[in-house]
Amino acid sequence: MDFKDYYSTLGVVKTATGKELKQAFRKLARKYHPDVNPNDKTSESKFKEVNEAYEVLGDPEKRKKYDELGANWRAYENMPPPGAGGGRGFGGGFPGGGGFGGGVHTMSEQEMQEMFGAGGFSDFFQAFFGGDVESPRSPRGSARSRARRGRDIEQEIELSLEDVYRGVTRRLQFRLGGQTRSVDVRIPAGVGEGSRVRIAGEGEPGAGGAPAGDLYLRIRVAADATYERKGQDLYVKVPVPLTTAVLGGEADVRTIAGKSLRLKIPSTTQHGQVFRLKGHGMPITGKAGEYGDLYATADVQLPKQLTPEQRAHYESLQKLERNEHQQVH
């Protein structure tokens, strides 16, 4: 069994602060994470080493014991094993995992084994920080292995754009463990396509007294016939008669909230010209009273039929345009 230089593994000096350790761990964990490097055994091994190093150095008590061990590790290794008199180890048990502030999370033995199989941590770690108290063969270790948080489950839910605008409560029914479950879920207003809503404790039940997992609803927003959504902004086409586009006037704009707005159309408005209506878009989740914007695109309507009188006017306009063109040239 070789001594593990955890400082070297994280690429920091022995005097590194907790903040420096955390930064180094985050950087390396992102670099070697299995999700980033699928089927890469080298990265998988590096990820385990980085996680193990921070599991020790990120905990002040474990770091202190590790620093005290130092070069005396071989003498420690030669001590009688637990139960043979004296007992090896510093006491205490295997860490239960968890974060060390700022959202950082080192995986517990259970999580490491689930991801990488048996032996998630090295023999060195098990010998010096696991201790016989938490051995899988001991009663306490057995209880630990039996206590397991329930798995999270995920389910897709489709909503209309109006549902998302207003926020809705839906009663969901799904099968879990051979039984049909029903739960009322409140979907907050403004959620986006692909976002997930967490319902705590509605996942698979835990084992050995451990808590249940969570239910995650993945949001899918159905296409809307009137509005196009981009982030929290909405886009809508507004029919504008040709005469209004040329001479100016007003056009009606219907918002997703059901309000009718009068949009001022300047003279010589071009087809496709966009007008911004501030605050008439989608609600911004978590920010009460804040909304995106509504963008109205002028859809200039050409006449499909002409009366004799209309034709006469358009012909007069055509002659006028030709005369002006000849005068210019």
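**Notebook: Thr-269, an open sheet and helix 4**

I looked up the polar contacts of Thr-269 and found its side chain 2.6 Å from the backbone oxygen of Pro-266; a polar contact is a pair of N or O atoms within 3.5 Å, where one must be able to donate a hydrogen and the other to accept it, and residues adjacent in sequence count only if both atoms are side-chain atoms. I note that this is a predicted model, in which local features need pLDDT of at least 70, side-chain atom pairs count only at pLDDT 80 or more, and totals for chains, interfaces and linings use all residues. Residues are numbered from 1 along each chain as its sequence is written, and side-chain values use heavy atoms, with hydrogens and water left out.

I located Thr-269 in the loop between strand 11 (260–265) and strand 12; helices (H or I, at least four residues) and strands (E, at least two) are DSSP runs numbered from the N terminus. Thr-269 counts as buried, at 6% relative accessibility (buried is under 20% relative accessible area, exposed over 50%, partly exposed in between; 1.4 Å probe, protein chains only).

I then examined the sheet: four strands form an open, mixed sheet in the order 8-9-13-12. Strands pair if DSSP finds at least two bridges between them. Strand 9 (residues 233–241) and strand 13 (residues 294–301) pair in the parallel sense over eight bridges, and Lys-237 has Thr-297 as its bridge partner in strand 13.

Last, I checked helix 4 (residues 60–69), whose buried residues are Lys-62, Arg-63, Tyr-66 and Leu-69. The face turned away from that buried side carries the exposed Pro-60, Glu-61 and Lys-64. I found Asp-59 capping the N-terminal end of helix 4, with a side-chain oxygen 2.9 Å from the backbone nitrogen of Glu-61.
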